[in-house]
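Welcome! Open your viewer, have the selection tool ready, and follow along one stop at a time.

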Amino acid sequence: MSKKLKQNMLLVTYAILLFLAVYNWRTVSGVIGMLIGLLMPFFCGFVIAYLVNGPYLFFQNKVYARLCRKKEKRRKLAHILALLSAYFVIALIITVIFWIVIPQLILSVDQLGKNLTGYMESLEDFLNKLIADWGLSETVASQAQRFWEELTKNSERIGQLINTVSPHLINFTKGLTTGIYNWVIGIIVSVYMMASKEKLIRQFKKLVTALVPDRYLDKVMEVGHVSNDMFGKFIIGRIIDSAIVLGLCFICMNIFQMPYALLISVIVGVTNVIPIFGPFIGGVPSAFILLVVDPVKGLWFILFIIVLQQIDGNIIGPKVVGNSIGLSGIWVMLGVIVGGGLFGVLGMLIGVPLLAVIYIIGGDWVNRRLQKKRQKSCVQEKDVQESVCEDSHG
């Protein structure tokens with residue numbers, strides 16, 4: 001059987017399988033969903049192991065570096081100590097969040113809910129005073145009053161809305177329980193992954209070498225190295241940067257005596273992980289909360305958050321994340337928009353490093369193509385010059 005015939009048969013087989021998959025897409029999607037559900041603890045474990053790998057490398061290369069240079073037994077001891085230290089740091093952070101931050105957040109949300117009626121009345125008085133002081137026309141005042149009455153009327157329907165969505169709480173509880181189970185099992189899986197990290201990497205390289213043709217092997221390995229480098233630097237850098245922004249926001253809000261400092265700082269810090277649009281995503285609801293509680297401080301908060309994001313974008317971000325991504329602002333925005341459109345919030349986070357990988361690999365390919373064209377052009381120019389010299393001597 002000729003090589004061309006085999007290729008044609010494979011192409012026809014792939015086409016038939018693709019047609020059957022599209023025709024029975026509901027069944028195929030159900031099977032895919034079931035497989036994803038079964039493998040989700042391993043995906044969670046991989047994510048946890050990837051995040052733990054940063055502290056692990058720090059302890060191994062910086063803290064226990066001397067042990068790594070000694071005998072094989074001491075190298076294993078350094079590996080175990082670095083692994084334990086990394087998980088201890090992560091566990092300490094999670095403990096602080098659950099025992100200190102989350103109870104305060106729950107308390108803040110509870111107080112906000114209990115005092116919401118009083119805040120709305122204070123905001124109404126403030127708006128009425130503002131209309132009177134500025135001498136606004138009766139038309140504007142009536143329109144504002146009508147808008148406020150409509151807003152109040154809609155707020156009274158919140159109870160009805162809660163009764164309507166209450167049946168969905170069972171599904172939410174079920175999803176929450178499944179999520180907790182996946183992440184708990186994921187922690188155990190990540191421990192096994194990190195414990196046998198080097199062995200897993202060797203096995204993965206063997207698998208890639210066996211499956212990928214030799215002419216593409218170097219390129220596939222290069223893509224893997226670049227992807228690991230880009231995602232690691234970007235995600236860890238964004239987490240550190242957001243933690244700094246959260247701390248600065250909390251400190252400054254306490255200095256200026258703004259209410260709900262911890263709740264708003266957490267919102268601002270968590271959403272700051274998303275490049276470009278993160279500050280707006282977290283700043284808008286935070287400003288709304290403060291405008292309802294205290295309109296004057298809400299306006300000051302808007303000014304403060306603009307200054308804070310400028311400091312983060314021009315000073316903190318470049319220092320923490322650095323220029324490791326190598327993308328200009330327009331490419332970062334493209335990665336966030338496309339990633340968010342395809343995969344939601346997660347896509348907004350991973351879209352930038354993924355686009356950076358494509359940008360680097362594509363840039364190398366373009367440079368090689370240009371270099372080949374220049375070499376070809378130089379050879380052609382050299383041939384023309386040699387032919388001209390031969391004609392002149394002739």
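**Stop 1: Lys-219 and its partner**

Let's begin with a single side chain. Select Lys-219: with a relative accessibility of 26%, Lys-219 is partly exposed. Keep in mind as you look that this is a predicted model.

Which residue does the side chain of Lys-219 meet in a salt bridge? Add Glu-222 to your selection, and you have the pair, with 3.0 Å from N to O. Glu-222 is partly exposed too, at 27% relative accessibility. Now show the backbone of helix H10, residues 214-255. Lys-219 and Glu-222 sit 3 residues apart in this helix, so about one helical turn separates them. An α-helix has 3.6 residues a turn, so residues three or four places apart point the same way.

**Stop 2: a second bridge along H10**

How many salt bridges does the structure hold? There are 2, and you can find the other by selecting Arg-238 and Asp-241, whose side chains meet at 3.9 Å, N to O. Arg-238 and Asp-241 are also 3 residues apart in H10, so again about one helical turn lies between them. Are these two buried or exposed? Turn on the surface to check: both Arg-238 and Asp-241 are buried.

**Stop 3: zoom out**

Take a moment to see the whole protein. Its secondary structure comes to 14 helices and 0 strands. Of its 394 residues, 25% are buried. If you take the contacts between residues at least 6 apart in sequence, 69% of them join residues at least 24 apart.

**Stop 4: H9 against H10**

Next, we look at how helices pack. Two packed helices are described by the angle between their axes and the distance between the axes.

Select H9, residues 197-211, together with H10: they pack at an angle of about 145°, and their axes are 9 Å apart. H9 passes H10 in a right-handed crossing. To see the contact, show the side chains of Lys-205, Val-208 and Thr-209 from H9, and those of Leu-217, Val-220 and Met-221 from H10. By class, these residues of the H9 and H10 contact are 4 nonpolar, 1 polar and 1 charged.

**Stop 5: H10 against H11**

Keep H10 and add H11, residues 261-271. The angle between H10 and H11 is about 155°, with 8 Å between their axes. The two helices are therefore roughly antiparallel. H10 passes H11 in a right-handed crossing.

Which residues meet here? From H10, select Ser-242, Val-245, Leu-246, Cys-249, Phe-250, Met-253 and Asn-254; from H11, select Ala-261, Leu-262, Ile-264, Ser-265, Val-266, Val-268 and Gly-269. This contact of H10 with H11 has 10 nonpolar and 4 polar residues, and no charged ones.

Now look at H11 by itself. Why can H11 be called largely enclosed by the rest of the structure? Because 9 of its 11 residues are buried. Among the buried residues of H11 are Leu-263, Ser-265 and Gly-269.

**Stop 6: H11 against H12**

Hide H10 and bring in H12, residues 278-293. H11 and H12 pack at about 165°, with their axes 7 Å apart. They are therefore roughly antiparallel to each other, and H11 passes H12 in a right-handed crossing. On the H11 side, the contact is made by Ile-264, Ile-267, Val-268 and Thr-271; on the H12 side, look for Gly-278, Pro-279, Ile-281, Gly-282, Pro-285, Ser-286 and Leu-290. Colour the residues of this H11 and H12 contact by class, and you get 7 nonpolar, 4 polar and no charged.

While you are in H12, click on Val-284. Is Val-284 buried or exposed? Val-284 is exposed, with a relative accessible area of 57%. Draw a line from Val-284 to Val-268: the two are 16 residues apart in sequence, and their C-alpha atoms are 9.5 Å apart.

**Last stop: the loop**

Finally, select Asn-272, in the loop between H11 and H12. At 1% relative accessibility, Asn-272 is buried. Leaving out residues up to four places away in sequence, Asn-272 touches Arg-238, Asp-241, Ser-242, Val-245, Pro-279, Gln-309 and Asp-312. You have met two of these already: Arg-238 and Asp-241 are the pair joined by a salt bridge at the second stop.

Conventions: Residues numbered from 1 in each chain as written. Predicted model: local features only at pLDDT ≥ 70, side-chain atom pairs only at ≥ 80, totals over all residues. Heavy atoms only, no water. Helix = DSSP H or I, 4+ residues; strand = E, 2+ residues; numbered from the N terminus. Buried < 20%, exposed > 50% of the residue type's maximum accessible area, 1.4 Å probe, protein only. Axes fitted to C-alpha atoms, helices over the stretch in contact; angles between N-to-C directions. Parallel < 35°, antiparallel > 145°, perpendicular 65-115°, else oblique. Left-handed = near helix turned anticlockwise from the far one by under 90°. Contact = heavy atoms within 4.5 Å. Nonpolar A, V, L, I, M, F, W, Y, C, P; charged D, E, K, R; others polar. Salt bridge = Lys/Arg side-chain N within 4 Å of Asp/Glu carboxyl O.
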